[in-house]
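Open the model in your viewer and keep the selection box at hand. Each stop below says what to pick and what to look for.

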Amino acid sequence: MAKVVVTGGSGMLGRWVVRHFVEQGYDVLNVDTKKSEEQLCPSLIVNLEDLGETYSALAGADAVVHMAAIPAAHIYPPEVTFRNNVMSTYNVLEAAAGLGIRKVVLASSESSYGICFAVHPFGPQYVPMDEEHPQLPQDSYGLSKVVNEKTAEMFNRRTGMQVVSLRLGNVIPPEWYSRFPDFMNKPEERERILWSYIDTRDAASACRLAVEAEDLGAVALNIAADDSSMAIASRELMAARYPEVTDFRAPLEGHETLLSNEKAKQLLNWAPKYKWREQVNQ
Ligand SMILES: NC(=O)c1ccc[n+]([C@@H]2O[C@H](COP(=O)([O-])OP(=O)(O)OC[C@H]3O[C@@H](n4cnc5c(N)ncnc54)[C@H](O)[C@@H]3O)[C@@H](O)[C@H]2O)c1
């Protein structure tokens, strides 16, 4: 049975990733600074900012799914966020390289495009926004994700290990769908994430498919649901909040996602299954 280390497995998304890999028959170890509320697999308390601890935690793994991070700007002082996210990712990749682990998945973010936490607000250059869109962060969280993707490319060049960075949209566990009616008709509420979302279960399946894929090198993939999180059609959202954007690269006739998930579908053979609008009365 293949052994997967999930970092951040005590966190909001990580616990769903742990659950998914356990259900799929993997031997899973959760590595986190805090204990998990669920005991679905063995856990180790580790600070990934320490390379020695990271080596011990990853020894014997066939793959690493690195979810651990400070997951947004403005939670900690900016340099703390940068140091934690960048050093923990460097250490995971350095230890994986040293231990001969050939596959790593990283949690990147749509925040790496910079719109989310911009001090000087700006909009997308075009929609749906794909992986070719410039990453222009003005904050240390977004920058940490850009740096981590570069670190992944460096280790791929050095060792050939496959590193798939998943640029996740706003992650939503199923119990949060009941909150959608509060904002689904207010375009101003989620404009900075282009109204994107991804169900924790679909994010977890993307992680597994990224571990099981072969020969991807170092690649970054947007991970978003097929639809937006809003009751308003996508073209109307754009007209309301980003009227200056004229470059539409898809027909956008309904509620389609404005964070393109096409590349992940192609390279991972992945498809999101869960839609909030099938579970909430509008
Ligand atoms: N939540 C979202 O909407 C969202 C969107 C895009 C990307 N992401 C990314 O997804 C990942 C998971 O996010 P989340 O929302 O579940 O966050 P979370 O805070 O719920 O979970 C992160 C976990 O990482 C652990 N951690 C942090 N630093 C650590 C370190 N140095 N060593 C060991 N463990 C450490 C924390 O203890 C926590 O349990 C993060 O990388 C985040 O940046 C999240």
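Select A59 first. This is a predicted model, and A59 sits in the loop that links helix 2 (51–58) to strand 4 (63–66). Is A59 buried or exposed, or something in between? With 38% relative accessibility, A59 is partly exposed. Now show what surrounds the residue. Beyond its neighbours within four places in sequence, A59 is in contact with K3 and L99. Add A96 and draw a distance. The two C-alpha atoms, of A59 and A96, are 8.4 Å apart, although 37 residues separate them along the chain.

**Helix 1**

Select residues 14–23, which form helix 1. Colour G14, W16, V17, V18, H20 and F21; these are the buried residues of helix 1. Which elements cover them? The cover includes strand 1 (3–7), strand 2 (27–32), strand 4 and helix 6 (200–212). Step just past the end of helix 1 to G25. Its phi is positive, about 90°.

**Helix 6, two stops**

Pick T200, a residue of helix 6. Its relative accessibility is 0%, so T200 counts as buried. Show its contacts, leaving out neighbours within four places in sequence. T200 touches M12, L13 and W16, and also V171, I172, P173 and P174. W16 is a link back to the previous stop, as one of the buried residues of helix 1.

Move along helix 6 to C207. C207 is buried too, because its relative accessibility is 0%. Which residues is C207 in contact with, apart from neighbours within four places in sequence? They are V17, F21, V65, M67, V105 and L166. V17 and F21 are among the buried residues of helix 1. Next, add L93 and check the C-alpha distance to C207. The pair lie 16 Å apart in space and 114 residues apart in sequence.

**Helix 7, face on**

Select residues 234–241 to bring up helix 7. Colour its buried residues: S234, L237 and M238. Turn the view until you look down the helix axis. The buried residues of helix 7 fall within an arc of 95°, so they line one face of the helix. There is a general reason to expect such spacing: an α-helix has 3.6 residues a turn, so residues three or four places apart point the same way. Now colour E236 and A239. Both are exposed, on the other side of helix 7.

**Backbone checks**

Switch to backbone torsions. Most residues other than glycine have a negative phi, and most peptide bonds are trans. Three places are worth a selection against that background.

Start with H74. Where does H74 lie? It is in the loop between strand 4 and helix 3 (78–99). Phi of H74 is near 70°, which is positive, and H74 is not a glycine. With 69% relative accessibility, H74 counts as exposed.

Go on to L252, in the loop between helix 7 and helix 8 (262–268). Phi of L252 is positive as well, near 50°. Is L252 buried or exposed? L252 is buried, since its relative accessible area is 5%, and a residue under 20% counts as buried.

Finish the torsions at V127 and P128. The peptide bond from V127 to P128 is cis, and its omega is near -15°. P128 belongs to the loop between strand 5 (103–109) and helix 4 (140–159).

**Zoom out**

Clear the selection and show the whole protein as a cartoon. How many helices and strands are there? The protein has eight helices and nine strands. Its radius of gyration is 18 Å, close to the 19 Å that the globule rule gives for 282 residues, so the protein is as compact as a globular protein of that length. Along the principal axes, the C-alpha atoms fill a box of roughly 50 × 35 × 35 Å.

Colour by accessibility next. Of the 282 residues, 56% are buried. Switch on the surface. The accessible area is about 12,000 Å², and carbon and sulfur atoms account for 50% of it.

Now show the contacts between residues at least 6 apart in sequence. Among these, 74% join residues at least 24 apart.

Colour the charges last. There are 27 positive and 37 negative side chains. How far apart are the centres of the two sets? They lie 1 Å apart.

Definitions and conventions: Residues are numbered from 1 along each chain as its sequence is written. This is a predicted model: local features need pLDDT of at least 70, side-chain atom pairs count only at pLDDT 80 or more; totals for chains, interfaces and linings use all residues. Side-chain values use heavy atoms; hydrogens and water are left out. Helices (H or I, at least four residues) and strands (E, at least two) are DSSP runs, numbered from the N terminus. The radius of gyration is taken over C-alpha atoms; the globule rule is 2.2 Å times the number of residues to the power 0.38. Buried means under 20% relative accessible area, exposed over 50%, partly exposed in between (1.4 Å probe, protein chains only). Contact means heavy atoms within 4.5 Å. Accessible areas come from the Shrake-Rupley method with a 1.4 Å probe; for residues, only the protein chains shown count as cover. Lys and Arg count as positive and Asp and Glu as negative; His and the chain ends are not counted. The place of a charge is taken as NZ of Lys, CZ of Arg, CG of Asp or CD of Glu. The arc is that of the directions from the helix axis to the C-beta atoms.
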